[in-house]
Amino acid sequence: SFSPYIDPDRPVFITTDSLLNGFHVLLEDSIGELEKHRIAPLRRHLANALPRVRAEIAQTPIPAAEFATAIRQAEYVIGPALVILGGSLDGFSPETRTEIARQVELIRAASTEELPLWLGPTSPDLLGLDYRRCRPVGFYASNPGLADYFRAVRWLQMVPFRANRDTELLAA
């Protein structure tokens, strides 16, 4: 069955499925390279988000204490993604760091479903977060940097900001 491909005395035999596979490989490699270039900007954006928010809060007439719960909520969302991408929690409050580390472990393990206390109580629209969705797939799984990028982005996609919960809405 391979003689049309390897016989040097015959013309080259190219099938449409081999062309399609070539384009698929090229597209996948191109998207992989594009995603690799997005890792550092995402890490910088996450690292700078809370300092920018705190600076804006400082300029409002509203007391910063009124934003404390929302800032803590934002730390719970941003922190795990930042840590997974190799960032530091230096600007995060000490009381959120343990929970952030716990979330990082759950994201990396990608083996359970649960609802963090800071997203509770359960509601019909949210019974829990499915951490299994954080397991890298496709070309993301073949590169450690892309795997972490996949985990971080998936985490940011999973955590809800529900408009009917004041803390989440203000954190957003």
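A residue counts as buried under 20% relative accessible area, exposed over 50%, and partly exposed in between. Keep that in mind, because Ile-31 has a relative accessible area of 35% and so counts as partly exposed. Everything here comes from a predicted model. Let's look at one helix, one pocket, a buried pair of side chains, some backbone oddities and a few distances.

**Helix α5**

- Helix α5 covers residues 144-158, which makes 15 residues, and at 1.5 Å a residue these should span 21 Å. The C-alpha atoms at its two ends are 21 Å apart, so expectation and model agree.
- Right where α5 starts, Asn-143 reaches over with a side-chain oxygen, which comes to within 2.8 Å of the backbone nitrogen of Gly-145.
- Which residues of α5 are buried? They are Leu-146, Ala-147, Asp-148, Tyr-149, Phe-150, Arg-151, Ala-152, Trp-155 and Met-158.
- Those buried residues have plenty to pack against: the helices α2 (16-58), α3 (68-84) and α4 (94-109), plus the strand β2 (129-130).

**The largest pocket**

- The largest pocket holds about 320 Å³ of space.
- Its lining is made of 17 residues, and those nearest the centre are Val-53, Ala-74, Leu-170, Ala-171 and Ala-172.
- Which helix gives the most to this lining? That's α2, with 6 residues.
- Helices α2, α3 and α6 (166-171) each put at least two residues into the lining.
- Sorted by class, the lining has 16 nonpolar residues, 1 charged residue and no polar ones.

**Glu-168 and Gln-73**

- Glu-168 sits in helix α6. Is Glu-168 buried or exposed? With a relative accessible area of 3%, Glu-168 falls under the 20% cut-off, so it is buried.
- Who does the side chain of Glu-168 make a polar contact with? The partner is the side chain of Arg-162, at 2.5 Å.
- Setting aside residues up to four places away in sequence, Glu-168 touches Gln-73, Leu-119, Pro-160, Phe-161 and Arg-162.
- Gln-73 belongs to helix α3. Gln-73 is buried too, because its relative accessible area is 5%, and buried means under 20%.
- If you skip neighbours within four places in sequence, Gln-73 is in contact with Trp-118, Leu-119, Thr-167, Glu-168 and Ala-171. Leu-119 turns up on the contact list of Glu-168 and on that of Gln-73.

**Backbone oddities**

- Here's some background: most residues other than glycine have a negative phi, and most peptide bonds are trans.
- Now look at Ala-110, which is not a glycine and yet has a positive phi of about 50°. You'll find Ala-110 in the loop between α4 and β1.
- Ala-110 is buried, since its relative accessible area is 2% and the cut-off for buried is under 20%.
- Is the peptide bond from Gly-120 to Pro-121 cis or trans? It is cis, with omega near 0°.
- Pro-121 is in the loop between β1 (113-114) and β2.

**Distances across the fold**

- Back to Ile-31, the partly exposed residue from the opening: this one lies in helix α2. How far is the C-alpha atom of Ile-31 from that of Gly-87? The two are separated by 24 Å, and they are 56 residues apart along the chain.
- Ala-109 has its place in helix α4. At 44% relative accessibility, Ala-109 counts as partly exposed, because that value is between the 20% and 50% cut-offs.
- Measuring along the chain, Ala-109 and Leu-27 are 82 residues apart, and their C-alpha atoms are separated by 29 Å.
- Glu-105 is another residue of helix α4. Is Glu-105 buried or exposed? Glu-105 has a relative accessible area of 58%, which is over 50%, so it is exposed.
- From C-alpha to C-alpha, Glu-105 and Thr-167 are 25 Å apart, and in sequence they are 62 residues apart.

Terms used: Residues numbered from 1 in each chain as written. Predicted model: local features only at pLDDT ≥ 70, side-chain atom pairs only at ≥ 80, totals over all residues. Heavy atoms only, no water. Helix = DSSP H or I, 4+ residues; strand = E, 2+ residues; numbered from the N terminus. Expected span 1.5 Å × (residues − 1). Buried < 20%, exposed > 50% of the residue type's maximum accessible area, 1.4 Å probe, protein only. Contact = heavy atoms within 4.5 Å. Polar contact = N/O pair within 3.5 Å; in protein donor to acceptor, adjacent residues only side chain to side chain. 1 Å grid on protein atoms, 1.4 Å probe; cavity = no way out; pocket = protein on both sides within 12 Å on 5 of 7 lines; lining within 4 Å. Points joined across faces, edges and corners; volume = space filled by probe spheres on them. Nonpolar A, V, L, I, M, F, W, Y, C, P; charged D, E, K, R; others polar.
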